[in-house]
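Let's take a walk through a protein chain together, one stop at a time. Keep the 3D view open as you read, and find each residue as it comes up.

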Amino acid sequence: MSLEHFMSEAVSPWLKEDGPDSDIVMSSRIRLARNFSAYPFPLIAGDEQMEHILHIMLNIFDQRSFADYKKLEFVKMSDLKAIEKQVLVEKHLISPHLADKSDYGAVLISENEQVSIMINEEDHIRAQLYFPGFQLGGALEQAFQLDDWLEEKVDYAFDEDRGYLTCCPTNVGTGLRASVMMHLPALAITRKINRLIPAINQLGLAVRGIYGEGSEALGNIFQISNQITLGRSEEDIIEDLKGVVEQLIEHERQARRVLVEQSPLELENRLFRSLGVLQHSRIIESKETAKCLSDVRLAIDLGFINNISKSILNELVVLTQPAFLQQYAKRRLSPNERDVFRASVIRERLNMEQKEEL
C-alpha cells in the first residue's frame, strides 16, 4: 500500500456500501481526542517533543492492522505536496487544521479508509472511524475497540474527575465528537432548514457544512454533531444526537412527500434540468456542480431517475473538488481550467454510467 492508493480513488471503499437510511444519511462518524500523558499538548509542545510523538506512532502503529480494517499506512504531512494534502481533506481523511501543520503532523490511514488517526493535530491523537448510513451505535462500539487498541501502547492523559484531557476545553471529558453527514435537499428547497438549524443549535448540537467548522453546506449536505463532552457519557451523547437525526430524517421525508404531492411537475422539471446541466455543460463551477448533484441524488431517491447510481454521485462530489480535480488531471489548473475540466469529467462519468446500464 502507498500514498497513491489514497489519491487514486475519489470514493473511499466503505462509502460505496449502503447503510441504514442512506437516502438521507450519507455517513456516521465517531472521533476521539486523546493525548499522551508525558508530553505537552501540541499547542505548547516543542519541536523535539512533537517529533518524538511522530516516531512513537510510526514505530508502534505503521503497518499494524486494527480489527478487519487492514493495515494502517503512516503518512507524514511534510512529505506531501499542497494538493495531496488537500485531496486528503476533500476525502475527510484529515482535517484542514492538520493539513496546515506540515512539520510535525501525520496520519495513519487504514487500507479501506474507514479509519484515520491524525497525529499532532490539535491533540496528539484524533482517531476517527466512519460508517455508511445512519450507524452511530455501531460506529461507537467500534470506536471503543479502536480506543482500547490504541491505549494498549499509549498512556493517555486522563483525570479521574475531568476525564480525558484535551487541548480545547470543549473536548474535555469523553473527548468524543459524533457526527452524521446528511443530505437534506427538500428541507433546503422548502426553506424549512432555516428554522430547524437554530432549534438544533439550542439543543447543544452543531450544524456545519460538508468539511466541518467554518465550511459551507454545499449540495445541501449538512454535518450534525455534538458540542458538549464534559459531564456526559458517550452513550448519552450518541442517544441525544440519534434523537435529533431521527427527527431530521422524518422532517426531510415529509418535505419530500409534500414536494411530490403539491408541485410534482415543477419538482421534476428542476431535477431533470440539473441532470441536463451536468450532462451537457462545457464549463461549470463548484457551487453549481454541488447544487446539480444534490438535485440528481434527490431524483434518484424519489425514483425519477433509475439509470444512474448514487455511488457515481458520491464519487463526483469528491472528484469535482479543486484539489482532487487537479490530482486527476495530473497538473495544476487555473480556476477557469478547473471549471472546463470539471464539466468534461462529469460528462464522461455520467456517460460511462448510463452506458453500463444499457
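## A walk along the chain

Start at Arg-191, which sits in the loop between α6 (185-189) and α7 (193-202). Before going further, please keep in mind that this is a predicted model. Arg-191 is not a glycine, yet its phi is positive, at about 65 degrees. Is Arg-191 buried or exposed? With a relative accessible area of 62%, Arg-191 is exposed; the word applies because that value is over 50%.

Glu-113 makes a good partner for this first stop. Its phi is near 65 degrees, again a positive value in a residue other than glycine. You will find Glu-113 in the loop between β3 (106-110) and β4 (115-119). Here the relative accessible area is 2%, so Glu-113 is buried; the cut-off for that word is under 20%.

Now turn to charges on the surface. Asp-148, Glu-151, Glu-152 and Asp-155 gather there in a patch of negative charge. Pick out Glu-152, whose place is in the loop between α5 (136-151) and β6 (158-159). Glu-152 has a relative accessible area of 57%, so this residue counts as exposed.

While you are in this part of the chain, look at helix α5, where Gly-137 lies. Gly-137 has a relative accessible area of 37% and is therefore partly exposed. Try finding Glu-239 from here: along the chain it is 102 residues apart from Gly-137, and the C-alpha atoms of the two are separated by 8.7 Å.

The next topic is charge pairing. Side chains of opposite charge can pair when their charged atoms come close. How many salt bridges does the count come to in this model? The count comes to 20 salt bridges. Let's visit some of them.

One salt bridge joins Asp-21 and Arg-253, with 3.2 Å between the closest N and O atoms. This pair links distant parts of the chain, 232 residues apart: Asp-21 is in the loop between α1 (3-8) and β1 (25-34), while Arg-253 belongs to helix α8 (residues 234-262). Asp-21 has a relative accessibility of 28%, so it counts as partly exposed. Arg-253 has a relative accessible area of 26%, so it is partly exposed too.

Helix α8 also holds a salt bridge between Arg-256 and Glu-252. The N to O distance in this pair is 2.7 Å. How far apart are Arg-256 and Glu-252 in the helix? They are four residues apart in α8, so about one helical turn separates them. Both Arg-256 and Glu-252 are buried.

A further salt bridge brings together the side chains of Asp-301 and Lys-310, at 3.2 Å from N to O. Asp-301 is partly exposed, because its relative accessible area is 23%. Some salt bridges also share partners, and in this way Glu-121, Glu-122, Asp-123 and Arg-126 are joined into one network.

Lys-310 leads us to helix α11, which spans residues 310-319. Is this helix mostly covered or mostly open? Mostly covered: nine of its 10 residues are buried. Lys-310 is one of the buried residues, and others among them are Ile-312, Leu-313, Asn-314 and Glu-315. The list goes on to include Leu-316, Val-317, Val-318 and Leu-319.

Cysteines are our next stop. How many disulfides does a search of the whole structure find? The search finds zero. Take Cys-167, which is in no disulfide: the nearest cysteine sulfur belongs to Cys-168 and is 7.1 Å away. To count as a disulfide, the two sulfur atoms would have to be within 2.5 Å, so this pair does not qualify. Cys-167 has a relative accessibility of 23% and so counts as partly exposed. Cys-292, on the other hand, has a relative accessible area of 2%, so it is buried.

We finish at Pro-335, found in helix α13 (residues 335-357). Pro-335 is exposed, because its relative accessible area is 53%. Look from there for Glu-285, which is 50 residues apart from Pro-335 along the chain. The C-alpha atoms of Pro-335 and Glu-285 are separated by 8.8 Å.

Methods: Residues are numbered from 1 along each chain as its sequence is written. This is a predicted model: local features need pLDDT of at least 70, side-chain atom pairs count only at pLDDT 80 or more; totals for chains, interfaces and linings use all residues. Side-chain values use heavy atoms; hydrogens and water are left out. Patches are made of residues with over 30% relative accessible area and no salt bridge: like charges are joined within 9 Å, nonpolar side chains (Val, Leu, Ile, Met, Phe, Trp, Tyr) within 5 Å. Accessible areas come from the Shrake-Rupley method with a 1.4 Å probe; for residues, only the protein chains shown count as cover. A salt bridge is a side-chain nitrogen of Lys or Arg within 4 Å of a carboxyl oxygen of Asp or Glu. Lys and Arg count as positive and Asp and Glu as negative; His and the chain ends are not counted. The place of a charge is taken as NZ of Lys, CZ of Arg, CG of Asp or CD of Glu. Helices (H or I, at least four residues) and strands (E, at least two) are DSSP runs, numbered from the N terminus. Buried means under 20% relative accessible area, exposed over 50%, partly exposed in between (1.4 Å probe, protein chains only).
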